[in-house]
2 protein chains.
Amino acid sequence: MKNYDAIVIGGGPAGTAAAYGLKEQGKAVAIIESDLWGGTCPNRGCDPKKILMSAVEAKSKVKKLNGKGLESDPTIHWEELMAFKHSYTDTVPEGTKKGLIDTEIDTFEGQAEFADSHTIKVSDEELKAKQFLIATGQRPSVLPIDGQEYLQSSTDFLDLAHLPKRIAFLGAGYISFELAAIANAAGAETHIIHHNSQPLKGFDEELALELVKHLEEQGIVFHFNVGVKTLEALDPGYRLSADGFELETDMVLGATGRTPNIESLKLENAGVEYTKRGIVVDDHLRTNQAHIFACGDVLDKTQPKLTPVSGFEANYAVQAMVGIKEAIEYPLIPTIVFGDLKLARIGMSEKELAEHPEKYHSETTDLSSWFTFMRINEQEAKIKIVYDEADTIVALSCLSSLADELINYFYFVFEKKVSHQELSDYIFAYPTPASDLEYFI
Amino acid sequence: MKNYDAIVIGGGPAGTAAAYGLKEQGKAVAIIESDLWGGTCPNRGCDPKKILMSAVEAKSKVKKLNGKGLESDPTIHWEELMAFKHSYTDTVPEGTKKGLIDTEIDTFEGQAEFADSHTIKVSDEELKAKQFLIATGQRPSVLPIDGQEYLQSSTDFLDLAHLPKRIAFLGAGYISFELAAIANAAGAETHIIHHNSQPLKGFDEELALELVKHLEEQGIVFHFNVGVKTLEALDPGYRLSADGFELETDMVLGATGRTPNIESLKLENAGVEYTKRGIVVDDHLRTNQAHIFACGDVLDKTQPKLTPVSGFEANYAVQAMVGIKEAIEYPLIPTIVFGDLKLARIGMSEKELAEHPEKYHSETTDLSSWFTFMRINEQEAKIKIVYDEADTIVALSCLSSLADELINYFYFVFEKKVSHQELSDYIFAYPTPASDLEYFI
C-alpha cells in the first residue's frame with residue numbers, strides 16, 4: 001500500500017494545477033485519472049472548440065468584407081479541420097501525463113473509489129493519503145427522453161470524423177450556440193431546439209436575442225418553447241418529436257446541462273457530503289471531511305463552471321490544504337459565448353441584476369459606426385452597460401467579433417479601478433479597440 | 001478684426017481636441033485649417049490605412065488556415081476597397097467642421113500667417129487672440145534626388161484610384177512597411193528600397209528582421225544599402241537608379257521621413273523659435289513666446305509623432321494655457337507597425353537601450369506552439385522581453401497578428417504595475433490571448 005501526503009482525484013486543469021502546486025509545497029503527491037489526462041478543456045472542451053472556431057472566425061471576417069474590397073467565399077473542409085484539431089488534441093493526454101511524471105508526481109489510471117476516508121482504490125491498488133482533493137469535473141447530462149440512447153454530446157461533436165448534413169442541438173446554452181455556429185459555418189443544416197423562450201441564460205437577454213437574430217441570418221434555425229419528448233432512429237437519421245413538432249436530422253446533440261462526476265467515487269465510504277449539483281464545500285473548498293477538499297466543476301457552487309475558475313480554485317485549494325486561513329475570494333469572472341459574433345459579459349450576474357431590477361438602469365449602444373467596427377464592416381456590434389442608482393457601472397455586456405478582446409480590457413479597467421481620466425490619458429496602440437475604451441465608459 | 005481668447009492653428013486631431021478643450025474652459029476660440037478638416041490621421045493616415053488593412057488581415061487569416069480546414073484564396077479588389085475607404089474618409093472634413101461649428105468654435109479656412117505675435121492673417125481676415133496653439137502637424141518629406149518631382153507619397157497611395165502593377169517604396173520605416181504590405185497583398189509587385197541595412201529604426205532589430213523575412217516570403221522585395229540617386233520618367237513608368245542598381249516600376253513612393261508644417265506660418269513675425277525638426281517648446285508645451293503654445297507632430301521632440309500622443313499633448317496644452325503648473329509627463333507610448341503580421345513594442349526606447357547595452361539582457365520566445373497562435377496557425381509569432389540588471393522588465397516587443405492586442409494588455413500591466421501573482425489570479429475570457437499573459441512575463 002502506497003502512502004501520500006496528498007492524492008488528487010482528476011487529471012484535468014484543476015487537478016493537475018493542484019498536483020503541481022502541492023508538489024511545489026514539498027508534498028508527496030499522487031494523481032488519478034479515469035479517462036483522458038488533461039481532462040475536458042484541452043481534450044474535448046475549450047481548446048478543440050476554439051481550434052474549429054478559428055476557421056469560422058476567419059471565414060466570417062472575409063465574408064463581411066465581400067463587396068468591400070475582398071472577394072471570396074471560403075469553404076470549411078471538415079476532415080482537414082478535424083486533422084488540424086487532432087494535431088493539437090492527440091498530444092494532450094501523453095503530454096499531460098509526462099509533465100506530471102517528470103515532476104515526480106505519481107500517476108494512476110482508473111476509476112478512483114474511496115474505500116474509507118483515508119483510502120482510495122484505483123485499479124487493483126490501494127492508496128492512502130493524509131489529504132485528498134477531488135477535481136473530477138463534469139460530463140454532459142443525458143436528457144431523459146424516449147430514445148435518449150441516440151443522443152450525442154459535445155464530446156462526440158468535437159471528434160466527428162465527418163460532418164453530418166443535418167444536426168439538431170437540444171438546449172440553447174453557450175455550448176449549443178458555439179457548436180451550432182461551427183456546424184452551420186461548415187455547411188450543416190443546423191437547428192437549435194430549446195424548451196423555453198430564453199436562450200443563453202446567464203447572459204443579457206437583449207443581446208442574446210440579437211445573437212439569435214444574427215445566427216438565424218447565418219442559417220441556423222431556432223425552435224423555442226419546444227420540449228422534445230422522443231427521439232426515434234430512422235434509416236438513416238433520427239426523428240425528434242414534441243407536441244406539434246417534428247424534425248428529421250442526422251445527429252442530435254444534447255447540450256442540456258452537465259452532471260458532476262461523483263457517482264463512481266463512493267463518497268459515502270469517506271462520508272463526503274454532496275448534492276446532485278456536486279460536492280459541497282465551505283469557503284475554504286473543504287468538504288465536511290476536514291482532510292478532503294474539492295475544486296473545479298465538480299463543486300456545488302454558484303460561480304460559473306469554467307476552466308480558469310477551476311484553475312483559480314486549484315491554486316487556492318493548495319494554499320488551503322497547507323493551512324491558509326483566509327476564505328476564498330473570487331476575482332471578477334467574465335463569461336463568453338464564442339462564435340463569429342461573440343457575446344461576452346463581466347460584472348454583477350444577470351441573476352443578481354434580476355433580483356432588484358428597480359436598482360439598475362442600462363444603456364445599449366450600437367457600435368457599428370465606430371471606426372473599429374466600421375473598418376471590418378461589423379453591423380452587429382453592440383455594447384450594453386448596466387448602472388446602479390449612483391450611476392456606477394455594475395455590469396457590461398458586449399456583442400462583437402471583438403467581444404473577447406474588449407471584455408479582457410474591461411477586466412483590467414474594473415479590477416484595477418482605472419478611472420475615465422486615466423483611460424483617456426493612456427496611449428494605446430492606435431487605432432485599435434483599446435484606443436476606444438475611454439469612449440465606452 | 002475679430003478677437004479671441006485663443007486661436008488654434010491646425011484642424012487635425014491635436015488642434016480640434018485642443019479647440020474643444022479650450023471651449024469647455026469657457027474661452028472664445030477660433031481654429032484655422034489650410035487643407036482638410038480632421039488632418040492627416042482620419043483623412044490620409046491611420047484611419048484609411050487601417051481600412052485598407054482590414055482586407056489584408058482577413059486575407060492573411062484565411063490563407064494561414066489553407067490546408068488546416070479553410071479552403072480559399074481571397075482576392076483584394078482595389079477599386080471596391082477604395083470605395084469602402086471613401087465611405088469613411090469622404091465624410092471626415094465636413095463632419096469635423098460641423099462638430100466645431102456646432103460647439104460654437106469659429107472655423108477659418110486658409111493658410112494662417114502670423115502678422116505679429118498677437119495677430120494672424122488667414123485669407124483676407126485678421127484675427128487677434130490672447131493665446132495661440134500651433135498644431136499644424138507634418139507632411140511627407142520629399143527626398144532631394146534627381147527626378148524628385150516624380151515621387152509620390154503616402155497621401156497619394158491612400159487615394160489611388162487604381163493599383164499600379166509595380167510599386168517601389170523609398171525608405172524602410174513603418175509607413176513603407178504598412179503600405180507595402182497592403183500593395184503586395186493587393187497584387188502589386190512591391191519593392192522596398194532603403195539607404196542602409198537597418199529597417200524600422202526604433203523597433204527591435206531582431207524582430208524587425210523577422211518581419212522583413214516574413215514580408216519577403218509574402219513577395220515583397222527588399223533592397224538594403226541602396227542610396228537612390230535618380231528617378232527618370234519612362235513611358236510608361238519610372239526608372240530608379242543608384243550605384244550598381246536599377247529598377248523599373250510604375251509608382252515611386254517616398255516615405256523617407258516627414259517635415260513639420262512651419263514654413264508658411266511666418267513664425268518670424270511672432271518671434272517663435274523653431275528648428276528644421278519643428279517648433280521648440282518647454283515642458284509646458286510653451287514656445288519662447290509665453291502666450292504661444294504648440295503640440296502634436298509639429299513639435300521638435302523626442303516622443304513618437306503619433307495621433308494619440310498629439311491628443312495627449314492637446315489635452316495637456318489646454319491645461320497649460322489656462323495655467324496648470326505641473327510639467328507635461330508622458331505616459332507609456334507603445335509603437336506598432338501594422339500588417340498581416342504586426343510588430344509592436346512598449347517600454348524603454350531602442351535608443352535608450354542602445355546607450356547602455358551592458359545593462360540589459362533579453363529573451364526571445366517563439367510563440368508558434370502556444371495555443372493562441374497554434375490555433376490560427378501563426379508560425380511567426382514571437383515575443384522579446386528586455387530586462388535590466390535587476391531582472392525587471394524594461395521593454396517588450398511582440399511580432400504577431402495579435403501584437404496590437406497583446407501590447408495593449410501589457411499597457412495595463414505596466415501602467416498599473418500588475419504583478420505576476422495578480423495576473424495569474426485574473427480570470428480572463430478563456431482561452432484568449434489575455435489568458436496567456438501570466439505565462440509571458
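**Aromatic pairs, helix packing and the two chains**

Mentor: Over all chains, this predicted model holds 38 aromatic pairs. Phe, Tyr and Trp rings (for Trp the six-membered ring) pair when their centres lie within 6.5 Å; planes under 30 degrees apart are stacked, over 60 edge-to-face, the rest tilted.

Trainee: What kind of pair do Y4(A) and F108(A) form?

Mentor: Edge-to-face, with 6.3 Å centre to centre and 80° between the planes. Y4(A) sits in strand β1 (residues 2-9) of chain A and F108(A) in strand β5 (residues 106-109) of chain A, 104 residues apart, so the pair links distant parts of the chain. Strands (E, at least two residues) and helices (H or I, at least four) are DSSP runs, numbered from the N terminus.

Trainee: Anything I should know about the numbering and the confidence limits?

Mentor: Residues count from 1 along each chain as its sequence is written, and chains are lettered from A in the order written. Local features need pLDDT of at least 70, side-chain atom pairs count only at pLDDT 80 or more, totals for chains, interfaces and linings use all residues, and side-chain values use heavy atoms, without hydrogens and water.

Trainee: Helices next. At what angle do α7(A) and α8(A) pack?

Mentor: About 20°, with the axes of α7 (residues 174-185) and α8 (residues 205-218) of chain A 10 Å apart. Axes are lines fitted to C-alpha atoms, for helices over the stretch in contact, and angles run from 0 to 180 degrees between N-to-C directions. α7(A) and α8(A) are therefore roughly parallel (under 35 degrees; over 145 is roughly antiparallel, 65 to 115 roughly perpendicular, the rest oblique).

Trainee: Which residues of α7(A) meet α8(A)?

Mentor: F177(A), A181(A) and N184(A), which meet L211(A), V212(A), L215(A) and Q218(A) in α8(A); contact means heavy atoms within 4.5 Å.

Trainee: And between chains, how far apart are the axes of α3(A) and α3(B)?

Mentor: 9 Å, at an angle of about 145°; each α3 covers residues 46-64. The contact is made by E57(A), A58(A), K61(A) and V62(A) with E57(B), A58(B), K61(B) and V62(B).

Trainee: What turn lays chain A on chain B?

Mentor: A turn of 180° with a shift of 0.0 Å along the axis, giving an RMSD of 0.0 Å. That is the relation of a two-fold axis. Copies are superposed by least squares on C-alpha atoms of residues with pLDDT of at least 70 in both.

Trainee: Why do you say the copies meet through the same surface?

Mentor: Because 100% of the interface residues of chain A are also interface residues in chain B.
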